[in-house]
Structure formats: structure tokens, C-alpha cells
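Visitor: I've got a chain to look through and would like a hand with it. Mind if I put some questions to you as we go?

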Amino acid sequence: MSSQAITTSIFDLFKVGPGPSSSHTIGPMKASFDFLKEINLLSAPATSQNLSIEIHLYGSLSATGKGHGTDRAIVAGLMGWKPDTCDPIKFLKILKNTAEKYPVKFHEYIIEVNADNFFFHKGKYDSPHANTMVLKLKDEEQLILEHEYYSIGGGFIYRKGEKQNTKSTAILPFPYTSMKELKAHLSREKITLTELMLANEMALTGTSKKEIEYKIDTILDFMHKAVKRGLKDNRVLPGTIKLRRKAPLLYQRAKNLAITSDSFLIFLNAYCLAASEENAAGNIVVTAPTSGASGVIPGITYLIKNHFHYAPSLMRDGMWAAAAVGFLVKHNASISGAEMGCMGEIGSASAMAAAMLTYCATKDINAMESAAEIGIEHHLGMTCDPIGGYVQIPCIERNAMGAVKSYNAFLLATSGDSSLQKISLDSVIKVMKATGKDMSKKYKETSEAGLALSATEC
């Protein structure tokens, strides 16, 4: 386990932005926006006639960047757009016409970029991360500024030369790096998980309890809006696969079967597919913890709100439980599909959702840990091999399967004695990291193996 205390905000884990990929869309948009700020810190040039910007993509960003919209995300960031405020309709139109040029403001000058400014590098590369991008500002052949960025999953980025885990200077009342340390705080201080997480968030962000609770409610609202939109839209998803959405049909079937035992699962599947299909369409979703896994927790929270009728305060309790697990996975392994395969995305989301369900129902931290451990354990080794580089097959259905597994993990953890669980959450996260490290790169978001090759006719 890393020795440095976790200082991730819940609003860094749950971020609003356009789909289909947090690592390939939201992260690159944030990186290019950072580059825009960096070049404007330079002195203004005497002329702009020969200025240009080059964008170099490596690893998974090069292999699947086209299908994930990495190029249009970078252009959007260079134009000053941000993930949580960009217009998804306008966003999807970027680079539709490869010859169209887009303005990048450099002091009082405009530098134009289009598809010709991108360089997709195939093959091996020397980089500490599978999602690497290099942006260069040049005056003819003279390099003015160059920055190398790594998109490390869930929309998190860092720049070469900076420490990856740059930490806040805030002094947290309850620092922890593991589930063992987290539980020790709860036992010693006689406080709830919600109280601990809220106290740390207030110290980290300097915001009040009321503001934090309002923002959590807003995040949940964004999740549920994605579900509602997806339940009504039966159009074909963008891209060459021509995949038609399934959520509206499933939702209608669930309503028709409302008195049967199957309807519960069909409703859950419909909700998860709806949010995931919205992500695949490039619409606004919430990373939970990534965009590729943005159907699991939205589907589960929509279910417990509308079927279990949980109060807003209980929903927030569940979000803190999910965040605690997500923090631990991100801190001690990774939530990046390019590093961990899909166990880093759907596996993490399923564990987070299982923790949410269990904590809401029981407030038992040991049962919550067991549920999260089960959620990860049964996603170990899951590959990330999207067909055509699109976050569609198997990603959309995998969100629904991850949610169903999270519900079963909740049942397994609460139907017996959680103290009998032999594997701890800390242990399974260590296994997750080791498994991701051992997994062939072909199966980590490259579309070079597995399902990506089995259905090329798509």
C-alpha cells in the first residue's frame, strides 16, 4: 500500500463530462486545456505567421483514440472548453470535417488546428503510462514549448515533471491509505463512515457540509438525468458498428412484467444500459469512477431511489461508501482500463456499488468491506478489448453485468456472517494491481486482441 494518505476529493472521483471515455476524452480535454493555459503564460511573440501546434498520441490513446473521440477532445480543450461545461452536441461535431480548422487563442493571435496536427504513433514507446500525449508549440521548426501528459484513468491527468500523486497541503483529521486504517479510525473515534469522509472532504476542499451535500445531490442528479435520457432514446449509436440502443426496449419490457420476479433485474439492466448508452453517444455522464463504467452506479442509484425510495441523506451515505472504495482502488492499484483492463473500470464500479448498497442497508463497515471485496474478486483479470475502439461492445452490456454482480455481492455479504470472509479488501486490491501488471498489453484498451478481433465484421 502507498504510504501517503489519500487526498482525493469525492468530486474528483465523480466528475461530470462528455463520454465515451474518461481516460481518452475527459483526461485529454483537461490536458490540452492545461497546455492552452501554459502557452499563454509565455511572452507574446512579435508575429504569429509561422506558429503551429503538434499533438502526438502514444499507446492506448493512439490505438483507440479515434473511436474514443480523443482527437476532438484535445481540440475542444485547446479552444478553452472544459468537460463539465461543454456542449455535447457541438462537441460531437468537432473534426467531423477533417479539413475544418479550429481556433486556438495565443495571446492576441489565433493558431489554427485540424486533423493534420495530429500524429498517431503506433508500436512501442518509452513512457511511464499507457495513455500518453505530447503537445508542442512550434515556430516553424523551432520548439517553443513542449509538455508530456499522462491520462491515468477516471479523467485524472498529470504532466511530466510533476509528481503523479501531488497532494494537498490540507491536514486531514482522519488520514488513511487502507481499509484497515479506515476501520481503525471508525472504531477508535466511534464515528460513522459518513462522518469520517465528510470531515476529510471539508478539510481537503475548505467547503462546508451544506455545500458538499448539495454538490453530491447535484452529481446524483446528473447521473439520473443520463438514465432518464437513455430510457427514451432508441437511436443508433455513433460509429461504424451501427449499434442500436437497447435500454428503452428493456425498460418497456420491465414495465410490462412488473408483477413478475424478473422485472426487478430487467429494470436494473435498463437503467445501467441507459446511462452507458448515453456515454457511448458522447453525451454528458458522470465518471463513476470512469466514463466506461458510468452505467453501474447511476443504474444502482436510480434503482434505490425509485424502487427502494431511499431518502437523499441515505443516498449520500451510499455515495460516501462508494467513494471510500474508489479512493482505495485508485490509490493502491488503478481505475484505468489501459493499466488494469476492465477490472479497473467495471470491477471498481461494481465494488463501489456493492459497498453503496450494503452500507445503505446495514451501516455495517465489515459487511460493506466484504461486499466490495466480492465485487472486485469476481472481476479479476477482466480484459478491456472494445470492438473498433468504441465504448460499445462489450462495454455497454458489461455495465449492466457489473451492476448485477454488485447486487449479488451485496446479498452475499449481508446474508451471512461477514467476519467469515477470508479475503480482505486491501488484499484483493493488491491482487488486482498485480494482475493488471501481469496482463498482456493487448488486452488493455488497445483493440488488438480478444473481442476486438472476433467480430471485425462489425
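Visitor: How many helices and strands does the secondary structure of the protein chain come to?

Guide: Keep in mind that this is a predicted model. Going along the protein chain, the secondary structure comes to 18 helices and nine strands.

Visitor: And what is the radius of gyration of the protein chain next to what the globule rule gives?

Guide: For 458 residues the globule rule gives 23 Å, and the chain's own value is close to that, so it is as compact as a globular protein of that length. Along the principal axes, the C-alpha atoms fill a box of roughly 70 × 50 × 40 Å. The radius of gyration itself is 22 Å.

Visitor: Among contacts between residues at least 6 apart in sequence, what share join residues at least 24 apart?

Guide: For some background, 57% of the 458 residues count as buried. As for the contacts between residues at least 6 apart, the share that joins residues at least 24 apart is 76%.

Visitor: Let's get to some helix packing. At what angle do the axes of α8 and α9 cross?

Guide: Helix α8 covers residues 209-232 and helix α9 covers residues 247-256, and their axes come within 6 Å. The crossing makes α8 roughly perpendicular to α9, a label that goes with angles of 65 to 115 degrees. The angle is roughly 90°.

Visitor: Which residues make that contact, and how do they divide into nonpolar, polar and charged?

Guide: On the α8 side you'll find G230, L231 and K232, and on the α9 side A247, P248 and Y251. Sorted by type, the residues of this contact come out as four nonpolar, one polar and one charged.

Visitor: What span should the 13 residues of helix α7 have, and how far apart are its end C-alpha atoms?

Guide: Helix α7 runs over residues 193-205, and at 1.5 Å a residue its expected span is 18 Å. The end C-alpha atoms agree with that, being apart by 18 Å.

Visitor: What do the buried residues of α7 pack against?

Guide: The buried ones are L193, T194, L196, M197, L198, N200, E201 and L204. Just after the helix, G206 takes a positive phi of about 70°. As for the partners of those buried residues, they are α1, α6, α8, α12, α14 and α15.

Visitor: Is helix α3 largely enclosed or not, and what covers its buried residues?

Guide: Seven of the nine residues of α3 (residues 60-68) are buried, so this helix is largely enclosed by the rest of the structure. The buried set is S60, L61, S62, T64, G65, G67 and H68. Just past the helix, G69 has a positive phi of about 75°. The cover includes α2, β2, α4, β5, β6 and α13.

Visitor: Over in α2, is L36 buried or exposed, and which residues is it in contact with beyond its neighbours within four places in sequence?

Guide: L36 is found in helix α2, residues 22-39. Its relative accessibility is 12%, so L36 counts as buried. K105 is 69 residues away along the chain, with its C-alpha atom 7.9 Å from that of L36. Leaving the sequence neighbours within four places aside, the contacts of L36 are G77, L78, M79, G80, V104 and K105.

Visitor: Now the backbone oddities. Which peptide bonds are cis?

Guide: One leads into P20, in the loop between β1 and α2, and its omega is near 10°. Another leads into P394, in the loop between α15 and α16, also with omega near 10°. The bonds in question are G19 to P20 and I393 to P394.

Visitor: K190 and K363 have a positive phi without being glycine; what are the values?

Guide: K190 is in the loop between α6 and α7, and at 70% relative accessibility it counts as exposed. K363 is in the loop between α14 and α15 and is partly exposed, at 39%. Phi is about 55° for K190 and near 60° for K363.

Visitor: Last one: is A333 buried or exposed, and which residues is it in contact with beyond its neighbours within four places in sequence?

Guide: A333 is found in the loop between α12 and α13. At 16% relative accessibility, A333 counts as buried. Setting aside the neighbours within four places in sequence, the contacts of A333 are L328, M340, I429, M432 and K433.

Technical notes:
Residues numbered from 1 in each chain as written. Predicted model: local features only at pLDDT ≥ 70, side-chain atom pairs only at ≥ 80, totals over all residues. Heavy atoms only, no water. Axes fitted to C-alpha atoms, helices over the stretch in contact; angles between N-to-C directions. Helix = DSSP H or I, 4+ residues; strand = E, 2+ residues; numbered from the N terminus. Parallel < 35°, antiparallel > 145°, perpendicular 65-115°, else oblique. Contact = heavy atoms within 4.5 Å. Nonpolar A, V, L, I, M, F, W, Y, C, P; charged D, E, K, R; others polar. Expected span 1.5 Å × (residues − 1). Buried < 20%, exposed > 50% of the residue type's maximum accessible area, 1.4 Å probe, protein only. Rg over C-alpha atoms; globule rule 2.2 N^0.38 Å.
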